[in-house]
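Biologist: I should like to go through this model and ask, for each label attached to it, what justifies the label. Please show me the chain before we begin.

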Amino acid sequence: MVAAAPRKSVSKHHARHDVQYTGIRWDKKMSNNCAAALLVYTLMQIFFVLSFIETKGMSIAPYFGLVLLVAVIIPFCRKFEKRWTKMNSSGLSEQSIAAKFRSDQVVLWMLAIGLPFVFVGLIKAIGSLV
């Protein structure tokens with residue numbers, strides 16, 4: 001009889017554990033999207049934007065610019081992650097959360113892919129003025 005009690009408590013513990021994680025972890029999905037978008041953004045900055053920044057000699061300025069451009073996107077990624085950490089306890093329906101997730105995901109990826117092209121346009125515009 002003593003051995004039966006721990007089995008019941010273990011089965012109850014596993015049942016609660018399974019119920020807790022059956023839903024979609026939207027915060028984890030957004031965190032993964034932010035990490036991937038930041039990686040893509042950084043790679044595009046390195047290989048795309050730096051190729052348009054022309055320097056004569058051994059200048060470190062383009063690399064400081066790269067650090068600045070990467071630092072610009074980090075607060076946006078943090079904002080999305082914080083929003084989705086709070087979204088889990090919002091009480092919204094699964095469909096509503098999925099629609100909001102998709103909307104934020106599109107905005108995040110548009111920023112990650114679009115900003116390098118905006119920076120190249122700015123570099124070209126400044127280059128033509130100087």
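Modeller: The secondary structure of this predicted model comes to four helices and zero strands. Read along the sequence, the protein chain follows the pattern α-α-α-α.

Biologist: How much of the protein chain is made up of buried residues?

Modeller: Of the 130 residues in the protein chain, 24% are buried. The word buried is reserved for a relative accessible area under 20%.

Biologist: Why is D27 called buried or exposed?

Modeller: D27 has a relative accessibility of 15%. The limit for buried is under 20%, so D27 counts as buried. D27 is located in helix α2, which spans residues 26-52.

Biologist: What makes R25 and D27 a salt bridge?

Modeller: The closest N and O atoms of R25 and D27 are 3.3 Å apart. The rule asks for a side-chain nitrogen of Lys or Arg within 4 Å of a carboxyl oxygen of Asp or Glu, and the pair R25 and D27 therefore forms a salt bridge. The partner R25 has a relative accessible area of 35% and is partly exposed, whereas D27 is buried.

Biologist: How many salt bridges does this rule give?

Modeller: The count comes to three salt bridges. One of them joins E81 to R78, with the closest N and O atoms 3.0 Å apart, and that distance satisfies the 4 Å limit.

Biologist: Why are E81 and R78 separated by about one helical turn?

Modeller: E81 and R78 are three residues apart in helix α3, which means about one helical turn between them. R78 is partly exposed, at a relative accessible area of 43%: the value falls between the 20% limit for buried and the 50% limit for exposed.

Biologist: How do you know that R83 and D104 form a salt bridge?

Modeller: The closest N and O atoms of R83 and D104 are 2.9 Å apart, and the limit is 4 Å, so the pair counts as a salt bridge. This pair links distant parts of the chain, with R83 in helix α3 and D104 in helix α4, 21 residues apart.

Biologist: Which labels do R83 and D104 receive for accessibility?

Modeller: R83 is partly exposed, with a relative accessible area of 34%. D104 has a relative accessible area of 6%, and because buried means under 20%, D104 is called buried.

Biologist: Which residue is 74 residues from D104 in sequence, and how far apart are the two in space?

Modeller: The residue is M30, and the C-alpha atoms of D104 and M30 are 8.5 Å apart. In addition, D27 and E81 are 54 residues apart along the chain, and their C-alpha atoms are separated by 6.7 Å.

Biologist: What lines the largest pocket, and how much space lies in it?

Modeller: About 210 Å³ of space lies in the largest pocket. The lining consists of I53, G65, L69, F119, L122, I123, I126, G127 and V130. Helix α3 (61-87) and helix α4 each supply at least two of the lining residues, and α4 gives the most, with five.

Biologist: How do the lining residues divide into nonpolar, polar and charged?

Modeller: Seven are nonpolar, two are polar and no residue is charged. Gly counts as polar, and the lining includes G65 and G127.

Biologist: Which residues form the nonpolar patch on the surface?

Modeller: V118, L122, I126, L129 and V130 form the patch, with about 570 Å² of accessible area together.

Biologist: Why is V130 called buried or exposed?

Modeller: V130 has a relative accessibility of 84%. Exposed means over 50%, and V130 therefore counts as exposed. V130 is found in the segment after α4 (94-129).

Terms used
Residues numbered from 1 in each chain as written. Predicted model: local features only at pLDDT ≥ 70, side-chain atom pairs only at ≥ 80, totals over all residues. Heavy atoms only, no water. Patch = residues over 30% accessible without salt bridge, like charges linked within 9 Å, V, L, I, M, F, W, Y side chains within 5 Å. Areas by Shrake-Rupley, 256 points an atom, 1.4 Å probe, with all protein chains shown as cover. Buried < 20%, exposed > 50% of the residue type's maximum accessible area, 1.4 Å probe, protein only. 1 Å grid on protein atoms, 1.4 Å probe; cavity = no way out; pocket = protein on both sides within 12 Å on 5 of 7 lines; lining within 4 Å. Points joined across faces, edges and corners; volume = space filled by probe spheres on them.
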